Amino acid sequence: MKLRDFGIQDGISEVIATTMSKEGMPNAAPIGIISDKKICARIYPDTHTHSNIHATKKLVANVVSDPLLFVSSALGDLDEREFYTVDELPVLRCADAWVSFECEKDKQDNTLIHLHPIKGRILRKRVQAISRGTNAIIEATIHTTRYLAMKDEKYLEWIAHYEDIVKKCGGCREKEAMKKLREIIQ
Ligand SMILES: Cc1cc2nc3c(=O)[nH]c(=O)nc-3n(C[C@H](O)[C@H](O)[C@H](O)COP(=O)(O)O)c2cc1C
């Protein structure tokens, strides 16, 4: 199985990971899938994604192009209607493609998860030019999660920088996503 065929590239691909809690509650959060010689992810402890992976040993990487969904899943909970289930695993309805993985904890590093692909599906193929506006939302969302965790003011400056790019290059989805980020920060 070639991950590239499902949109997961060499280097780090930003996807929305879906996992199931041991009580059967689906969860979604953006993570980076690291594809070098091996495939892995670094998951912060104290997240639902971390505890769900430890409970079920499974994760689905959803390839999503909607910037608003990155904001909503990073900083809040998605509605249950956003998910459907494949082999008892949650998948996002808006995913262009998804790959499910068996997760193996690293023996020394608590945040490192080795990923072994199980299966994947391509649902739609999009032709899409690179958008600085979309990229800027992804960066601004990462800095917002860091600002909320660490309260370091430097992140606010970086968020403002990406906000300027969103204003200049973003479409309505990016502008809505930026508005949501601003509401969360204030
Ligand atoms: C683009 C992007 C990439 C992210 N990558 C990671 C990652 O690789 N590992 C991680 O632990 N958190 C990552 N985060 C932060 C998590 O999404 C964030 O902490 C989230 O609130 C965790 O939600 P959960 O508690 O529902 O798992 C990323 C956030 C964004 C916006």
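## A tour of two domains and a ligand

Start by selecting the C-alpha atoms of domain 1 and domain 2: their centres lie 22 Å apart. What you have open is a predicted model. To colour the two parts separately, use residues 3-122 for domain 1 and residues 132-185 for domain 2.

Next, bring up the boundary between the domains. Here, eleven residues of domain 1 make contact with 15 residues of domain 2. Together the two domains bury about 1000 Å² between them, and carbon and sulfur atoms account for 79% of it. On the domain 1 side, select P67, L68 and L75, which lose the most area to domain 2 and together make up 52% of what that side buries.

Now show the ligand. Where does it sit relative to domain 1 and domain 2? Both domains give residues to the shell around the ligand, so it lies between them.

Select everything within 4 Å of the ligand. You should find 16 residues around the ligand, with P30, R42, Y44, T49 and A74 the closest. Colour this shell by class and you will see eight nonpolar, six polar and two charged residues.

Time to zoom in on the polar atoms. Here are three stops, each at an oxygen atom of the ligand:

- N27: a side-chain N or O atom of this residue is 2.9 Å from a ligand oxygen.
- P30: turn to the backbone, where an N or O atom lies 2.8 Å from an oxygen atom of the ligand.
- H48: show the backbone again, since a polar atom there is 2.8 Å from a ligand oxygen.

With those contacts on screen, switch on a surface for the ligand. On its own the ligand has 650 Å² of accessible area, and the protein covers 86% of that.

For the last view, go to cartoon and pick out β2 (26-35), α1 (48-56) and α3 (132-150), the elements that each give two or more residues to the shell around the ligand. Which of the elements gives the most to that shell? Select β2: this strand leads with five residues.

To finish, keep the ligand and both domains in view together, with domain 1 (3-122) and domain 2 (132-185) each lending residues to the shell.

Notes
Residues numbered from 1 in each chain as written. Predicted model: local features only at pLDDT ≥ 70, side-chain atom pairs only at ≥ 80, totals over all residues. Heavy atoms only, no water. Polar contact = N/O pair within 3.5 Å; in protein donor to acceptor, adjacent residues only side chain to side chain. Areas by Shrake-Rupley, 256 points an atom, 1.4 Å probe, with all protein chains shown as cover. Helix = DSSP H or I, 4+ residues; strand = E, 2+ residues; numbered from the N terminus. Nonpolar A, V, L, I, M, F, W, Y, C, P; charged D, E, K, R; others polar. Domains from an automatic or database assignment. Contact = heavy atoms within 4.5 Å. Buried area = accessible area lost by both parts, 1.4 Å probe.
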